[in-house]
Amino acid sequence: MQSTKTSYIALGCEGSANKLGIGVIRHSLADNTTAVLANLRHTFVSPPGTGFLPKDTAAHHRAHFAALARAALAQAGVAPADLDCVCYTRGPGMGAPLASVAVAARTLALLWGKPLVGVNHCVGHIEMGREITGARDPVVLYVSGGNSQVIAYAEQRYRIFGETLDIAVGNCLDRFARTLGISNDPAPGYNIEQLAKRGHRLLELPYAVKGMDCSFSGILASADALAAQMKSGAADFTPEDLCFSLQETVFAMLVEITERAMAHVGSNQVLIVGGVGCNERLQEMMGEMAKERGGSVFATDERFCIDNGIMIAHAGLLAYETGFRTPLEDSTCTQRFRTDEVFVKWRD
């Protein structure tokens, strides 16, 4: 009997860090288009000068998951019976928050009798970026609080050409925000970006590019030392100058390794994904490099570059339509789940 199904609908659950996201997406088979039906997010914000602890973040996700899921379904105008699958972030990320959302997603799947699809967080970012921007086969710069990677697609894998050797660029910026006592609302990296726009003095910081990889811990230590000088009154620069200098240095490193990857694979497109990808200065610097190469840069706004449920729903639905399922007994999560471990069956 021939199927009369005209579309697929997925619910996506994201909670790998301090953002809890629930998204609903529909893929129409008639014209091969996708529609974002709901994309809701609730963020755990810790006090200035602090980070977000795993146990506190997990408690936040548990407290808000049910209400956010109900609100997402209501906004999408769909019932649980309309869903084809429940998708969740399997990793990478922080253990306790990941586990709290994985348990919640498993509960929904059992309650509603729907198959589960575990999604790689990084692949979710990439596929959402490709869908929203229309980038065909770009070199991907994936930059977030927990990850910094330069990626290109080949033979049904997202291959990692370069990455951080220690902390991620987003973590570097977040930790420096703590040093300066900057607010975490709406995000420490965003607040550093706003301060950097008023900075004019470029202070010397270590520039640590090693082949295709970067190192950010030494830059952070040097920036922290300069901040201590400033606080003691032994320096004539400002917090704005420090934020400006840190951004310029770490972004120049990222542009360099991205350009090297573009040359290696022969691509003239760059797609920036991840929370740090919202930074306008990073987009501007990458755009200048791409323009010199006769290429272009693609990026999304905060709805899609910051962790969200819709990217998990989208990547999960792509896998679901190729026949992929996550058996209940395997519906675990992991803090370490590399981008290149995923078999990308939905691409040629």
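## The open sheet

In what order do the 5 strands of the open sheet sit? They run β3-β2-β1-β4-β5, with mixed pairing. Bear in mind throughout that this is a predicted model. The edges belong to β3 (33-43) and β5 (116-120); each has a single partner strand, so one side of each is left without a neighbour in the sheet. Going from one strand to the next, the twist averages 25°.

Strand β4 (residues 85-91) and β5 run parallel, and 5 bridges join them. One residue to look for here is V86, whose bridge partner in β5 is L116. As general background, strands of a sheet pair through backbone hydrogen bonds, either parallel or antiparallel.

## Helices around the sheet

Now for the helices. Helix α3 (residues 121-133) lies across β1, β3, β4 and β5, and runs at about 85° to β5. From its first C-alpha to its last, α3 reaches 18 Å with 13 residues, close to the 18 Å expected at 1.5 Å a residue. Most of α3 is covered, with 10 of its 13 residues buried. Among those buried residues are H121, H125, E127 and R130.

Helix α2 (residues 95-112) is where you'll find T107. With a relative accessible area of 44%, T107 is partly exposed. T107 also gives a handy link back to the sheet residue V86: the two are 21 residues apart in sequence, and their C-alpha atoms are 10.0 Å apart in space.

## Two nonpolar cores

The largest nonpolar core has 47 residues, and F176, F216, L242 and L246 are the ones that touch the most other members. At least two residues each come from β6 (139-143), α4 (169-180), α5 (188-196), α6 (217-232), α7 (239-265), β11 (269-273) and α8 (280-292). Helix α7 makes the largest contribution to this core, 12 residues.

Zoom in on F216 and, leaving aside neighbours within four places in sequence, its contacts include I167, V169, C172, V250, M253 and L254. S148, T164 and D166 are also in contact with F216. There is a second, separate core too: it has 26 residues, including L20, L83, L108 and L116. That last residue, L116, is the β5 partner of V86.

## The annotated region and its sites

The unreviewed UniProt entry annotates residues 42-313 as "domain: Gcp-like". In the model, this span is 51% helix and 17% strand, and its end C-alpha atoms lie 17 Å apart.

The UniProt record (again an unreviewed entry) also has a "binding site" listing, which covers Y142, V143, S144, G145, G146, D174, G189, E193 and N279. Are the two listed residues G189 and E193 buried or exposed? G189, found in helix α5, is buried, with a relative accessible area of 18% against a cut-off of under 20%. E193, also placed in helix α5, is buried as well, with a relative accessible area of 6%. Beyond its neighbours within four places in sequence, E193 is in contact with Q247, N279, E280 and R281; N279 is itself on the UniProt list.

## A buried glutamate in α7

Helix α7 also holds E248, which is buried at a relative accessible area of 14%. Which residues is E248 in contact with, leaving aside its neighbours within four places in sequence? They are L202, R281 and M285. R281 turns up among the contacts of E193 as well.

Note on methods: Residues numbered from 1 in each chain as written. Predicted model: local features only at pLDDT ≥ 70, side-chain atom pairs only at ≥ 80, totals over all residues. Heavy atoms only, no water. Helix = DSSP H or I, 4+ residues; strand = E, 2+ residues; numbered from the N terminus. Buried < 20%, exposed > 50% of the residue type's maximum accessible area, 1.4 Å probe, protein only. Pairing = 2+ DSSP bridges. Axes fitted to C-alpha atoms, helices over the stretch in contact; angles between N-to-C directions. Contact = heavy atoms within 4.5 Å. UniProt positions renumbered as here; feature names shortened; annotations may be inferred. Core = buried A, V, L, I, M, F, W, Y, C linked by side-chain atoms within 4.5 Å. Expected span 1.5 Å × (residues − 1).
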